[in-house]
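Visitor: Please take one strand of this structure and look at it closely. I would like to know what lies on either side of it and what its side chains do.

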Amino acid sequence: MGRVRTTVWAAALGMAVAGVPLTAYADASASQPLPTYRAADGAGRVEGRPSTADAPLIEAGKTYEDTIGPGDRFYRLVLEKDGSNAYVSAVVRPPAGAKVSGSDGIEVELITTAGTSCPASRGRANFNYDPVPLAAAGVRWGAEDAECAPGGVYYAKVTRTSAKDSDHSPWPLELRVQREPGRGAGVPTTAPSGWPTGAPSLPGTEAVGRAGGTGFNDARALGAGVWRDEMRPGQTRWYRVPLDWGQQLGIGAELSAAQVTKKFTSASGGLAVTLYNPYRGQVSDKNTSYDGVQAGVTLEKTPPVGYANRFSSDRDVQPVSVAGWYYVAVTMGEKVAGFTQDAVPVPLTLRLEVTGTAGKAPAYQGDPAAGGFAVGADDRTAAREGLTAPEAAEAAGTRSLMRVVAGAGFGTGAVLLAVLGGWVLLGRRGRGATSA
């Protein structure tokens, strides 16, 4: 009920997220601990096994929570022989201050009951300098790989690697299973030979405030433009961009001056940017040092989103093979706290270029949107208004409720509006009590 009241309150006031100042999004107090990763709503609990014996079942369209220490965890899937592709992603979340090295990371692969790894199924991601949420994804190609085309039982193997002197404590793990329908007739199966890429032409317009989220589940939606946020050392801000078939994405991130306490000091990896695709596989990443004065990172423009990209041997091309939400994670290194005022946030500017006209989706044997591999009108609205996924769901519920009110007739509609007004008052009183 509280969530509905809050949504109705925003709708009644005509609040447009795009116009809300950045301070309305920012952390309540910069002196407070950094916000932690927001787990997926409704995620189920699961306990992976160190071997395939008694591995728990995970299903397409669902998200799960587990923990993982160094070593392997196994999960069981039952897949159909329908040419569909199954993606299993794993997001590991080390605690703030955990020691990690460049050899530490997370890996996901899909294997058969015979113990054979599905061809080209393995996805891996390694830490740079900081203990930040890190994702990797494994895949079963249902139409391309003879070994893994049959229906039946498969296993997802999730491996966490840790150096001898790194943190070995169990960390929270988020698993997500997505299904992409099999391809229809006429879909290209040959890798593209070339594409327009290179450095993006990043916009230079006035920045608009948009506060990033804590992870994949509450990433702030953005479109092309210039966006302003603020960060503290050790923090990662998350954003999402809808990218349709044939479109390309260019990204630039800048940290402005901080309040420096020690001059002529610098942090390696003080600014890092990582781009993930709709199934949470890593597309590209880049980092640079930061000395408290200015730092900038620009990712090379992605190839156009195309189904045939998955057949490429180029690791920069292969992940950009599905339409949907692409995620941008921006990290300010923990070591920056050693020479700046930690409690004073540093301005972050994010410049996004989206080029190319949205093209027609390839012929699928089902609806790709069900697995998160499409861009719809609601997604474009979320990007235009700067909504997180939970906010977008609330907004959709509000629109549906208002349509009910509009179609109820004058008498009934007036009663409903009166009830909504009561919810608004209750919401105001509830918020006042909470903040007191």
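Guide: Strand S4 pairs with strand S9 (residues 171-180) in the antiparallel sense, over eight bridges. Within this pairing, Asn85 of S4 stands opposite Glu180 in S9. S4 also pairs with strand S7 (residues 134-140), again in the antiparallel sense, here over seven bridges. Tyr87 has Val139 as its bridge partner in S7. In general, strands of a sheet pair through backbone hydrogen bonds, and they do so either parallel or antiparallel.

All of this comes from a predicted model. The chain averages a pLDDT of 87, and 83% of the residues score at least 70. Confidence is poor in some places: pLDDT stays under 50 over residues 1-21 and also over residues 23-29. Where pLDDT is low, the predicted coordinates should not be read in detail.

Now the side chains. In a regular strand they alternate between the two faces of the sheet. In S4, Asn85, Tyr87, Ser89 and Val91 point one way, while Ala86, Val88, Ala90 and Val92 point the other way. Both sets are buried. Since eight of the eight residues of S4 (residues 85-92) are buried, the strand is largely enclosed by the rest of the structure.

Tyr87 deserves a further step, as its ring has a partner. The model has 10 aromatic pairs. In one of them, the rings of Tyr87 and Tyr279 have their centres 4.1 Å apart and their planes at 20°, so the pair is stacked; planes under 30 degrees apart count as stacked. Tyr87 lies in S4, whereas Tyr279 lies in the loop between strand S15 (267-276) and strand S16 (282-290), so the pair ties together parts that are 192 residues apart in sequence. Both Tyr87 and Tyr279 are buried. Ring pairs also link Tyr87, Trp141, Tyr279 and Phe373 into a cluster.

For contrast, here is another ring pair. Tyr307 and Phe311 form an aromatic pair with 6.4 Å from centre to centre and 50° between the planes, and this pair is tilted. Tyr307 is buried, with a relative accessible area of 4%, but Phe311 is partly exposed, at 24%. Tyr307 has a further neighbour at its ring: Arg310 lies over the face of Tyr307, at 3.6 Å from the ring centre.

Back at S7, the partner of S4, the loop between strand S6 (123-126) and S7 holds Pro131. Pro131 is buried, with a relative accessible area of 9%. Leaving aside neighbours within four places in sequence, Pro131 is in contact with Pro94, Pro95, Gly97, Ala98, Val100 and Glu334. The C-alpha atoms of Pro131 and Lys99 are separated by 7.0 Å, and these residues are 32 residues apart along the chain.

The strands S15 and S16, on either side of the loop with Tyr279, belong to an open sheet of five strands in the order S11-S13-S18-S15-S16, with mixed pairing. Its edge strands are strand S11 (220-221) and S16, each of which pairs on one side only. Inside this sheet, strand S13 (residues 236-243) and strand S18 (residues 324-332) pair in the antiparallel sense over eight bridges. There, Trp238 stands opposite Ala329 in S18.

Definitions and conventions:
Residues numbered from 1 in each chain as written. Predicted model: local features only at pLDDT ≥ 70, side-chain atom pairs only at ≥ 80, totals over all residues. Heavy atoms only, no water. pLDDT = per-residue confidence, 0-100. Contact = heavy atoms within 4.5 Å. Buried < 20%, exposed > 50% of the residue type's maximum accessible area, 1.4 Å probe, protein only. Helix = DSSP H or I, 4+ residues; strand = E, 2+ residues; numbered from the N terminus. Pairing = 2+ DSSP bridges. Phe/Tyr/Trp six-rings, centres within 6.5 Å; stacked < 30°, edge-to-face > 60°. Lys NZ or Arg CZ within 6 Å of the ring centre and 35° of its normal.
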